Amino acid sequence: MEPVYDDNNVFAKILRGEIPCRKVYEDDYALAFHDINPRAPVHVLVIPKGKYVNMIDFHRRASDEEIAGFFRAVGRTAAELGLEARGYRFLANNGADANQEVGHFHVHIFGGAPLGAMIGRVRGEG
Ligand code: AMP
């Protein structure tokens, strides 16, 4: 996926209030809400308020303030969710090899149960 931002992506619509979300946390830099198709007892998405396709785009164009504010919001979201005592995982899919589905940068937070191995073993194509 080339980092060209599409204003009609589903998370842009959530940010504009055009479709609902189950909000967990919000500040000047980020919005966090429950994933519609949870893959763990707790599965929350954190998105920046700015228009960035993914980390490839975010690290190139976002200001230091936006980057710091966003990643602090990820930590605060996990804290709000009560995940700090037992721990949690966060990840972001970026581009084609990572199967990124929604073209607005987002971090997934998973928790609420032991999460097992970091990732299934992947074979290279050559
Ligand atoms: P990714 O593959 O990293 O792009 O993940 C996109 C995630 O967005 C998936 O886990 C979807 O379940 C989630 N998702 C898609 N539409 C919505 C929505 N309207 N509200 C909440 N989560 C959504």
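**Exercise 1. Locate Asn 99 in this predicted model and describe its backbone and its exposure.**

Step 1. Place the residue. Asn 99 sits in the loop between S4 and S5.

Step 2. Check the backbone. The phi of Asn 99 is positive, about 60 degrees, although the residue is not a glycine.

Step 3. Classify the exposure. The cut-off for exposed is over 50% relative accessible area. Asn 99 has 59% relative accessibility, so it counts as exposed.

**Exercise 2. Take His 104: is it buried or exposed, and what does its side chain reach?**

Step 1. Place the residue. His 104 belongs to the loop between strand S4 (89-91) and S5.

Step 2. Classify it. Buried means under 20% relative accessible area. The value for His 104 is 0%, so this residue counts as buried.

Step 3. Find the polar partner. The His 104 side chain reaches the backbone oxygen of Pro 48 at 2.8 Å.

Step 4. List the surroundings. Neighbours within four places in sequence are left aside. His 104 then contacts Tyr 5, Asn 9, Phe 11, Ala 12 and Leu 15. Its contacts also include Ile 47, Pro 48, Gly 50, Lys 51, Tyr 52 and Val 53.

**Exercise 3. Work out the setting of Val 107: which element holds it, and which residues does it contact?**

Step 1. Assign the element. Val 107 is in strand S5, which covers residues 107-111.

Step 2. Classify the exposure. Relative accessibility is 2%, so Val 107 counts as buried.

Step 3. Collect the contacts, again without neighbours within four places in sequence. Val 44, Leu 45 and Val 46 are among them. So are Phe 70, Phe 71 and Val 74. Phe 90, Leu 91 and Ala 92 are also in contact with Val 107.

Step 4. Compare with a distance. Val 107 and Ala 12 are 95 residues apart along the chain, and their C-alpha atoms are separated by 15 Å. Ala 12 is in the contact list of His 104.

**Exercise 4. Describe how Arg 61 relates to Lys 51 in sequence and in space.**

Step 1. Place the residue. Arg 61 lies in helix H2, residues 55-61.

Step 2. Classify the exposure. At 48% relative accessibility, Arg 61 counts as partly exposed.

Step 3. Take the separation. Arg 61 and Lys 51 are 10 residues apart in sequence; C-alpha to C-alpha, they are 9.8 Å apart.

Step 4. Look at the side chain. That of Arg 61 reaches the backbone oxygen of Lys 51 at 2.6 Å.

Step 5. List the contacts. Not counting residues up to four places away in sequence, Arg 61 touches Lys 51 and Tyr 52. Both of these residues are also among the contacts of His 104.

**Exercise 5. Characterise the whole chain: what is its element order, and what is its radius of gyration?**

Step 1. Count the elements. The chain has 3 helices and 5 strands. From the N terminus, the order is α-β-β-β-α-α-β-β.

Step 2. Test the dimensions. A compact globule of 126 residues would have a radius of gyration near 14 Å; the chain has 15 Å, which agrees. The C-alpha trace spans about 45 × 35 × 30 Å along its principal axes.

Step 3. Examine burial and contacts. Of the 126 residues, 37% count as buried. Among contacts with a separation of 6 or more, 57% join residues 24 or more positions apart.

Step 4. Finish with surface and charge. The accessible surface is about 8000 Å², and 49% of it belongs to carbon and sulfur atoms. There are 15 positive and 17 negative side chains; the centres of the two sets lie 6 Å apart.

Key:
Residues numbered from 1 in each chain as written. Predicted model: local features only at pLDDT ≥ 70, side-chain atom pairs only at ≥ 80, totals over all residues. Heavy atoms only, no water. Helix = DSSP H or I, 4+ residues; strand = E, 2+ residues; numbered from the N terminus. Buried < 20%, exposed > 50% of the residue type's maximum accessible area, 1.4 Å probe, protein only. Contact = heavy atoms within 4.5 Å. Rg over C-alpha atoms; globule rule 2.2 N^0.38 Å. Areas by Shrake-Rupley, 256 points an atom, 1.4 Å probe, with all protein chains shown as cover. Lys, Arg positive; Asp, Glu negative; His and termini not counted. Charge placed at Lys NZ, Arg CZ, Asp CG, Glu CD. Polar contact = N/O pair within 3.5 Å; in protein donor to acceptor, adjacent residues only side chain to side chain.
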